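Dear colleague,

Please find the structure enclosed below, together with its sequence. My notes on it follow, and I would be grateful if you could read them with the model open beside you.

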Amino acid sequence: MTNLKDKVVLITGANKGIGYGIAQSCLEAGMKVAISSRSLAKAKEAATQLENTTGGEVLPLELEVTEYRSQEMAVAETLARFGKLDVLVANAGIGHFTPIDQMEISDWKAVIDTNVNGVFYSMRACADALKASKGYIFTISSLAGTNFFAKGTAYNASKFAVTGFTQAAMLDFRPYDVKVSTIMPGSVTSHFNGHEPSDKDAWKIQPEDIGELIVDLLQINPRTLPSKVEVRPSRPPGS
Ligand SMILES: NC(=O)c1ccc[n+]([C@@H]2O[C@H](COP(=O)([O-])OP(=O)(O)OC[C@H]3O[C@@H](n4cnc5c(N)ncnc54)[C@H](OP(=O)(O)O)[C@@H]3O)[C@@H](O)[C@H]2O)c1
């Protein structure tokens, strides 16, 4: 995709955080963007903000990634509004960080359901549209999808799964000229796990940096596929 003008991207979980930054960069590159939240009101609020700051066209969607029907409806709405889908960014995700002996069953299930089943449902629901457009799929895994840490059982399990799942999917989509990459960020300033962004986050990757990375990857020569991309802050505290 050398020219991104009017290409259509659907980003799950994009009313804030990394998804919002990706939406911003895609709009600045001339793309049309569908963003989602579990709350339509929040998606609409973010869409208005994005349209005002970039002058681009944004479709706000209500989407619960753990429900396949909801994912199908989001894709149908995107196709109805824009007529095609070129790019999926399966970004929505959550974390619960607790020692294994204190991990609530409901928290474990929520992390796996959102981060693993949700990503599969997003990709499955978009498959036909992306095969038709010879599109591009990104999943947002994490460095936690290759490095494990204490209190990380649920999150590590989910992100190791996303990393492996995405690479297997890359092989399935390759014969259709659909590209698949997983982005594995380290610390990014966002609202993740109840965090409130502040000046203290200046050393972290910023959401729009992930957006710029995605825009760059979309424009790379089509014969080349960076299938697994690790990104980390250049100078974390103490380095
Ligand atoms: N921040 C980091 O340091 C970091 C590092 C590596 C990877 N990541 C990954 O980046 C992705 C985005 O996280 P973030 O840091 O931007 O966090 P965030 O600011 O909390 O944003 C999370 C987004 O996901 C949506 N979401 C959560 N559960 C959902 C569900 N069940 N259905 C639909 N949407 C849902 C939220 O929307 P609503 O709550 O409005 O529905 C929100 O838009 C996640 O996959 C996360 O694991 C983050």
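A residue is called exposed here if 12 or fewer other C-beta atoms lie within 10 Å of its own, buried if there are 20 or more, and partly exposed in between. Leu171, which has 10 C-beta neighbours inside 10 Å, therefore counts as exposed. Please bear in mind that this is a predicted model.

Leu171 belongs to helix H5. From Pro60 it is separated by 111 residues in sequence and, C-alpha to C-alpha, by 31 Å in space.

Helix H5 itself covers residues 153–173, 21 residues in total. Its first and last C-alpha atoms are 30 Å apart, close to the 30 Å expected at 1.5 Å a residue. In contrast to the exposed Leu171, a set of H5 residues is buried: Ala154, Tyr155, Asn156, Ser158, Lys159, Val162, Thr166, Ala169 and Phe173. Among the elements that cover these buried residues are helix H4 (105–133), strand S5 (136–140) and strand S6 (179–185).

I turn next to helix H1. How many of its 12 residues are buried? The count is 11, so that H1 is mostly covered. The buried residues are Gly17, Ile18, Gly19, Tyr20, Gly21, Ile22, Ala23, Gln24, Ser25, Cys26 and Leu27. They pack against S1, strand S2 (32–37), H2, strand S4 (87–90), S5 and helix H6 (207–218). The length of H1 also agrees with expectation, because 12 residues at 1.5 Å a residue should span 16 Å and the end C-alpha atoms are 17 Å apart. After H1 comes Gly30, with a positive phi near 95 degrees.

The packing of H1 with H2 may be set out separately. Two packed helices are described by the angle between their axes and the distance between the axes. For H1 and helix H2 (residues 40–54), the angle is about 35 degrees and the axes lie 10 Å apart. The crossing of H1 past H2 is right-handed. On the H1 side the contact is made by Tyr20, Ala23, Gln24, Leu27 and Glu28, and on the H2 side by Ala46, Leu50 and Thr54. By class, this contact comprises 5 nonpolar, 2 polar and 1 charged residues.

H1 (residues 17–28) also has a part in the surroundings of the ligand, where it supplies the largest share of the shell, 3 residues. There are 29 residues around the ligand, and those that come nearest are Gly13, Gly17, Arg38, Gly93 and Ser190. Gly17 is also one of the buried residues of H1. Sorted by class, the shell consists of 10 nonpolar, 15 polar and 4 charged residues.

Finally, two backbone conformations deserve a note. Asp6 is not a glycine, yet its phi is positive, about 65 degrees. Asp6 is found in the segment before strand S1 (8–11). With 13 other C-beta atoms within 10 Å, Asp6 is partly exposed. Lys134, likewise not a glycine, has a positive phi of about 50 degrees. Its place is in the loop between H4 and S5. Lys134 has 14 other C-beta atoms within 10 Å and is therefore partly exposed.

With kind regards

Key. Residues numbered from 1 in each chain as written. Predicted model: local features only at pLDDT ≥ 70, side-chain atom pairs only at ≥ 80, totals over all residues. Near = placed C-beta within 6 Å. Helix = DSSP H or I, 4+ residues; strand = E, 2+ residues; numbered from the N terminus. Nonpolar A, V, L, I, M, F, W, Y, C, P; charged D, E, K, R; others polar. Expected span 1.5 Å × (residues − 1). Contact = placed C-beta atoms within 7 Å. Axes fitted to C-alpha atoms, helices over the stretch in contact; angles between N-to-C directions. Left-handed = near helix turned anticlockwise from the far one by under 90°.
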